[in-house]
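Me: Could you walk me through this fold, one piece at a time?

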Amino acid sequence: MKILLPTSTAGSLPKPSWLAEPEKIWSPWKLEDQELKDGKLDALRLSLQEQVQAGIHIVSDGEQTRQHFVTTFIEHLSGVDFEKRETVKIRNRYEASVPTVVGQVSRPKPVFVEDAKFLRQQTKQPIKWALPGPMTMIDTLYDHHYKSREKLAWEFAKILNQEARELEAAGVDIIQFDEPAFNVFFDEVNDWGVATLERAIEGLKCETAVHICYGYGIKANTDWKKTLGSEWRQYEATFPKLQQSNIDIVSLECHNSQVPMDLIELIRGKKVMVGAIDVATHTIETPEEVADTLRKALQFVDADKLYPCTNCGMAPLPREVAQGKLNALTAGAQIVRDELLA
Ligand SMILES: [Zn+2]
């Protein structure tokens, strides 16, 4: 991007209340069949318009066509039985009933490619598309077939690469992999997590990003955050490996968090999507608060590599709150842009 400090969001945005119950993650659809198909695309259009109106530079689908950032992708794969459910602990944090891997996993047909083509037709602005990362995918399943987290992650990496290549061909400018699991399983990240991510981006010419956060503002996550102490140093365990990787952009949670900003120094050279909007509170940041977070980040990342962003997705927030936060992001980025250009 030519513009200094291009803004974007981590991914999901609230859905209209006629499409899915608001202020909920995994919210069930309110429509069926063709009405649901049409409704999802209408919502995608609305979400895009809200981003454009707020002045966001790198736009997305707002994840309007998916129910959940991991499960919706997995639902389209074969080898996973959604009827056969087991209770597992996700990210060592909360128990959930998840589907079972019962055989060889594969992608019989593209998952999001048609949606991405639709978004591409609607705008000339750069577009970013989010996919789950391999480690976060395996952490949301019970594996009865491979019986190895690493083996299953490599299989998913291959599948993600097929999808990513088709998203690139559809005109996506940045493909982002969501890996909140990178903030939990440090040894695995270093042993094979970053390697499987690199397998997922193999051969891509578009830009690639990894999003590593402390999760949506749901209770399981906010309770977990309370146990992390006064300094959250999780990124310290994985950044050196990521700095050495082929990933272009790292998307981080920074605002209102206890992450020491100087950890960004460990990924020097990468573009950094700096989370300057807290998604765990309904309080809308002032532009000055956003600017303050960006200024702190600028001590550790070159201005031409700083991408103001949100901490995580905003799907569970009321729509007007999310819109207010997008406006604040734009206004805060403008304050710092003016300072840099002065
Ligand atoms: Zn996130």
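Reply: Happily! A nonpolar core is a set of buried Ala, Val, Leu, Ile, Met, Phe, Trp, Tyr and Cys residues joined through C-beta atoms within 7 Å; buried means that 20 or more other C-beta atoms, placed from the backbone, lie within 10 Å of a residue's own. The model is predicted, so local features need pLDDT of at least 70 and side-chain atom pairs pLDDT 80 or more, while totals for chains, interfaces and linings use all residues. Residues are numbered from 1 along each chain as its sequence is written.

Me: How many residues does the largest nonpolar core have?
Reply: Trp129, Phe156, Val272, Val274 and Leu294 have the most contacts inside this core. Helix 5 gives the largest share, 8 residues (helices are DSSP runs of H or I, at least four residues, and strands runs of E, at least two, numbered from the N terminus). The core has 96 residues.

Me: Which strands are at the edges of the open sheet of 6 strands?
Reply: The order is 3-5-6-7-8-9, with parallel pairing (two strands pair if DSSP finds at least two bridges between them). Strand 8 (271-275), for instance, is joined to its parallel partner strand 9 by 4 bridges. Pairing on one side only marks the edge strands, strand 3 (128-132) and strand 9 (306-309).

Me: Which residue in strand 9 is the bridge partner of Val272?
Reply: Val272 is among the residues with the most contacts inside the largest core. Its bridge partner in strand 9 is Leu306.

Technical notes
Buried ≥ 20, exposed ≤ 12 C-beta atoms within 10 Å, placed from the backbone.
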